[in-house]
Amino acid sequence: MKMNPLSLSWFLLLLATLAFGVALYFWLRDKPMEYKRKVMIGLAFGLWAMSTIFTLQRVADPRYAEFTITQNLPLHFCSMVQFMLIPAYWLRGSSKWLQSFRALLFYPGAVAAFMALLAPAQEYLNQPLFSMNTLFYFIHLGNVLLCLMLVVLGFHTPTIRGALGSLVTFFAIGLLVSPITLAIRHFIDPAANYYFKIGRAVQ
């Protein structure tokens, strides 16, 4: 069975993630917030560790010579989200800045991860379901799930203002990443393409 967007295996993986999310909700819904926090911090750490191991494994694998560390620094937005989910669950309170921080994950974070699932890089297409490549799909599904659980479990209250503000922050981060991308392309690796803003995505 091959893994491709909108294929049977893709939908099965999506349904499995949904089932896990529903089970997680029913398990945690009546638990104290501190208990929820500890569980979600553990899942966020696990997701970040899985992503890091996956990236380093591919960088070290000679079969993926084009998968270089300079093209896969944690400057892709989905990689940033995996790291930001940890303090999003760790930090307590509902201050204005913390709600804005969580809104960035709930809106652009979840959407960006799902878009990656719909349009992955060529190297993740037509690969066997039971292979390391499938971790790409697991990791991005994890992004979607943990971003949505911020609201489902009561860590964040979505608002229209928060949604609009998160878009502004998302594009502001893109502007900050742009000169870094250009510097890497000029001095180190001409194929670096963070935020996928220069021609065809390279990942």
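**Figure 1. Surroundings of Phe155 in the loop between helix 5 and helix 6 of the predicted model.** Phe155 counts as buried, at 5% relative accessibility. Apart from neighbours within four places in sequence, Phe155 is in contact with Met33, Lys36, Arg37, Met40, Tyr89, Gln99, Arg102, Met149 and Leu150. Two of these partners, Met40 and Tyr89, are among the residues that touch the most other members of the largest nonpolar core. Phe155 and Phe138 are 17 residues apart along the chain, and their C-alpha atoms are separated by 23 Å.

**Figure 2. The largest nonpolar core, which has 52 residues.** The members that touch the most other members are Met40, Phe77, Met84, Leu85, Tyr89, Leu105 and Tyr137. At least two residues of this core are supplied by each of helix 1 (8-28), helix 2 (33-60), helix 3, helix 4, helix 5 (134-152) and helix 6. Helix 5 provides the largest share, ten residues. With neighbours within four places in sequence left aside, Tyr137 is in contact with Met3, Asn4, Pro5, Trp10, Leu13, Leu117, Pro120, Tyr124 and Leu125.

**Figure 3. The contact of helix 1 with helix 5.** The axes of helix 1 and helix 5 cross at roughly 35° and come within 10 Å. The crossing of helix 1 past helix 5 is right-handed. Helix 1 contributes Trp10, Leu13, Leu14, Thr17, Phe20, Gly21, Leu24 and Tyr25, and helix 5 contributes Thr134, Tyr137, Phe138, Leu141, Leu145, Met149 and Val152. Of the residues in this contact, twelve are nonpolar and three polar, with no charged residue. Tyr137, on the helix 5 side of the contact, is also one of the core residues that touch the most other members.

**Figure 4. The packing of helix 3 (residues 77-90) and helix 4.** These two helices pack at an angle of about 145°, and their axes are 10 Å apart. Helix 3 passes helix 4 in a left-handed crossing. From helix 3, the residues Phe77, Cys78, Val81, Met84, Leu85, Pro87 and Ala88 meet Phe101, Arg102, Leu104, Leu105, Pro108, Gly109, Ala112 and Ala113 of helix 4. The contact of helix 3 with helix 4 comprises 13 nonpolar residues, one polar residue and one charged residue. Phe77, Met84 and Leu85 of helix 3 and Leu105 of helix 4 take part in this contact, and these four residues are among those that touch the most other members of the largest nonpolar core.

**Figure 5. The crossing of helix 4 (residues 96-118) and helix 6 (residues 160-187).** The axes of these helices come within 8 Å and cross at roughly 80°. Helix 4 and helix 6 are therefore roughly perpendicular to each other. Lys96, Ala103, Leu104, Tyr107 and Pro108 represent helix 4 in the contact, where they meet Arg161, Gly162, Ala163, Ser166, Leu167, Thr169, Phe170 and Ile173 of helix 6. By residue class, the contact of helix 4 with helix 6 divides into eight nonpolar, three polar and two charged. Leu104 and Pro108 of helix 4 meet residues of helix 6, and both also meet residues of helix 3.

**Figure 6. Leu148 in helix 5 and its partners.** Leu148 counts as partly exposed, at 35% relative accessibility. Beyond neighbours within four places in sequence, Leu148 is in contact with Phe106 and Ala110. Leu148 and Gly109 lie 39 residues apart along the chain, with a separation of 9.2 Å between their C-alpha atoms. Gly109 is also one of the helix 4 residues that meet helix 3.

**Figure 7. Tyr195 and Phe171.** Tyr195 lies in the segment after helix 6, whereas Phe171 is found in helix 6. The two residues are 24 residues apart in sequence and 9.9 Å apart in space, C-alpha to C-alpha. Phe171 counts as exposed at 56% relative accessibility, while Tyr195 is buried with a relative accessible area of 13%. Phi of Tyr195 is near 65°, a positive value in a residue other than glycine.

**Figure 8. Leu6 in the loop between strand 1 (2-3) and helix 1.** Although Leu6 is not a glycine, its phi is positive, at about 65°. Leu6 is exposed, with a relative accessible area of 53%.

Note on methods
Residues are numbered from 1 along each chain as its sequence is written. This is a predicted model: local features need pLDDT of at least 70, side-chain atom pairs count only at pLDDT 80 or more; totals for chains, interfaces and linings use all residues. Side-chain values use heavy atoms; hydrogens and water are left out. Axes are lines fitted to C-alpha atoms, for helices over the stretch in contact, and angles run from 0 to 180 degrees between N-to-C directions. Angles under 35 degrees count as roughly parallel, over 145 as roughly antiparallel, 65 to 115 as roughly perpendicular and the rest as oblique. Contact means heavy atoms within 4.5 Å. Ala, Val, Leu, Ile, Met, Phe, Trp, Tyr, Cys and Pro count as nonpolar, Asp, Glu, Lys and Arg as charged, and the others, Gly among them, as polar. A crossing is left-handed if the near helix is turned anticlockwise from the far one by less than a right angle, and right-handed if clockwise. A nonpolar core is a set of buried Ala, Val, Leu, Ile, Met, Phe, Trp, Tyr and Cys residues joined through side-chain atoms within 4.5 Å. Buried means under 20% relative accessible area, exposed over 50%, partly exposed in between (1.4 Å probe, protein chains only).
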